[in-house]
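The following paragraphs lead the reader through one structure, beginning with a term that the description requires.

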Amino acid sequence: MADIFLTNTLGKKKEKFVPINSDKVGIYSCGPTVYRDIHIGNLRTYLSADILKRVLTYNGYKVYHVKNITDVGHMRTDPATSGPRGAGEEAAIDPIIDEALKQGKTPQEVASEYTKKFLDDEKVLNIIPANVFPKATEHISEMIELTKQLLEKGFAYETRGTIYFDVKRFADYGKLSGNTLDKMDKLLGAVRVATETDKKDSIDFALWKKAQNDRSLKWDSPWGEGFPGWHIECSAMSLKYLTDAFKDGEFNHEQSRRIDIHTGGEDNIFPHHEDEIAQSEAATGEKVVNYWLHAGFLLVDGKKMARREGNVYTVSDLVKKSFNPLAFRYLTLTTHYRSRLNFTWDSLKAAETALNNLYRELTGYVTNGEVTSVNSDFEKKFVDAVNNDLDTPAALTLVWDLVRSNMPVGEKAATLYKFDEVLGLDLEKVAEEAAEVPEEVKKLIEQREEAWKKGDFSESDKLRNEIKGKGYEVVDTPEGQKLKKVVS
Ligand code: AMP
Ligand code: ZN
């Protein structure tokens with residue numbers, strides 16, 4: 001198999017990808033917290049994971065992809081008061097419960113409504129569904145099990161029904177984010193105050209939290225009624241589905257405790273993924289994730305797109321403005337996944353224009369002949385681009401080089417169809433649908449051919465207009481008339 005290079009946040013450099021098994025790859029992606037419509041910033045991160053998965057599949061790997069659904073425990077604090085490790089953690093709210101109270105629904109109803117919407121949004125962006133979407137609320141026993149293991153191994157402690165991870169016991173803390181123990185000490189110096197009496201140290205984080213009596217989402221545990229912390233959810237579900245840490249793991253690796261790739265957005269690096277590493281590695285005694293990949297933020301006016309900033313757009317906002325959602329997919333491909341991307345409606349418009357031009361070109365190729373064989377030269381260059389840390393901007397440059405080349409159109413079409421296995425822009429579907437020339441248009445073309453042969457140019461021009469009225473442009477070439485579907 002060809003070499004693939006990925007930038008690993010762990011170590012912060014581009015590395016050759018070496019899978020744990022020869023032909024299959026396990027990927028864990030942090031999924032959404034389901035209490036509202038996801039925004040296109042969230043989707044940018046999921047699109048990056050989709051490209052990763054498509055590139056691996058293109059290279060011949062069998063990919064097993066796990067994307068969790070956070071339906072409890074991802075607490076939200078006021079960033080103004082919460083500090084680097086949530087000094088305001090006690091005041092944090094569970095957004096799903098909060099939304100349920102606002103809407104007069106149960107948290108389960110809220111979670112299932114927004115899970116469905118999330119899956120629909122992924123679908124319209126051609127994001128290939130994960131093999132499994134495990135829900136946090138359905139894996140409470142695994143989280144309790146992992147928490148027990150951490151207590152037994154001395155990496156955690158209980159304080160009045162809440163279990164904290166004892167960060168200072170994990171010497172490797174900070175290896176992903178750079179927030180090492182000494183740095184954290186300085187960062188937290190200011191907030192090491194009496195508000196956090198439950199913790200031995202401000203740096204510690206909760207694995208399991210004691211539930212207040214009026215809380216609706218809570219479970220029995222050896223430590224009383226409570227609910228899991230957000231980070232333990234991803235440790236438990238990634239270990240369960242991608243290793244055999246739990247006996248019924250569905251994707252058992254020969255090296256049982258390893259996971260190939262873990263993805264997320266850049267804000268997941270700290271504290272979420274740093275804490276996940278601490279938990280998973282302390283529990284298993286081994287390095288767990290080999291490659292950490294993080295997508296850069298989608299920005300608006302230079303600021304992270306985020307609900308609390310009030311600058312979010314959703315897929316339905318794009319549709320309301322009559323955009324093809326795949327124009328957003330195209331837009332994300334124009335920038336490397338690790339770079340931040342500033343979203344504007346103008347840039348989306350430009351992406352849509354480019355995509356429509358591509359559809360139009362391709363429809364022209366397909367309307368006029370057979371789709372033949374993939375051009376191996378271009379394919380090699382394309383694989384080199386995407387295997388180089390998923391360089392989609394370079395891949396798009398190749399797409400347009402190909403369009404401008406003098407390659408036979410059948411070969412162009414076949415090559416673009418092949419590229420679309422990675423790009424996911426519906427190229428074949430759109431072109432084939434558009435290229436189905438209606439019988440009446442075919443008849444008009446024949447009549448025009450006759451008129452042309454007879455030298456009746458005014459009749460020929462009249463027919464050209466008639467054909468245009470039916471949505472096709474006729475181009476006269478040395479090989480005869482060629483049709484182009486007019487894509488609006
Ligand atoms: P959340 O539902 O808040 O946990 O976010 C779901 C995913 O979206 C996480 O992987 C985040 O890193 C990612 N994310 C959130 N905001 C943005 C943004 N503006 N740009 C890119 N990714 C984001
Ligand atoms: Zn996660």
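A residue is called buried when its relative accessible area is under 20%, exposed when that value is over 50%, and partly exposed in between. In this predicted model, Phe-155 and Phe-165 are both buried. Their rings form a stacked aromatic pair, with 6.2 Å from centre to centre and 15° between the planes. Phe-155 belongs to the loop between α5 (140-152) and β5 (156-159), while Phe-165 lies in strand β6 (residues 162-165), so the pair ties together parts that are ten residues apart in sequence.

A search of the whole structure yields 17 aromatic pairs. Another arrangement is found at Phe-343 and Trp-345: the ring centres are 5.2 Å apart and the planes stand at 75°, so this pair is edge-to-face. Phe-343 counts as buried at 2% relative accessibility, whereas Trp-345, at 22%, is partly exposed. Ring pairs join these two residues with Tyr-313, Phe-323 and Phe-328 in a cluster.

Rings also meet charged side chains. Lys-240 lies over the face of Tyr-241, 5.5 Å from the ring centre. Likewise, the charged end of Lys-381 is placed over the ring of Phe-378, at 5.2 Å from its centre.

The metal site remains to be described. The zinc ion (ligand 2) has as protein donors Cys-30 (SG), Cys-234 (SG) and His-272 (NE2), at 2.0 to 2.2 Å. Cys-30, in the loop between β3 (24-29) and α1 (40-58), and Cys-234, in helix α7 (residues 230-242), are 204 residues apart, and the pair links distant parts of the chain. Cys-30 is buried, because its relative accessible area is 7%; Cys-234 is also buried, at 0%.

Key
Residues are numbered from 1 along each chain as its sequence is written. Chains are lettered from A and ligands numbered from 1 in the order in which they are written. This is a predicted model: local features need pLDDT of at least 70, side-chain atom pairs count only at pLDDT 80 or more; totals for chains, interfaces and linings use all residues. Side-chain values use heavy atoms; hydrogens and water are left out. Donors are N, O and S atoms within 2.8 Å of the metal (3.2 Å for Na, K and Ca); water is not among the atoms, so sites may look incomplete. Helices (H or I, at least four residues) and strands (E, at least two) are DSSP runs, numbered from the N terminus. Buried means under 20% relative accessible area, exposed over 50%, partly exposed in between (1.4 Å probe, protein chains only). Rings of Phe, Tyr and Trp (its six-membered ring) pair if their centres lie within 6.5 Å; planes under 30 degrees apart count as stacked, over 60 as edge-to-face and the rest as tilted. A charge sits over a ring if NZ of Lys or CZ of Arg is within 6 Å of the ring centre and within 35 degrees of the ring normal.
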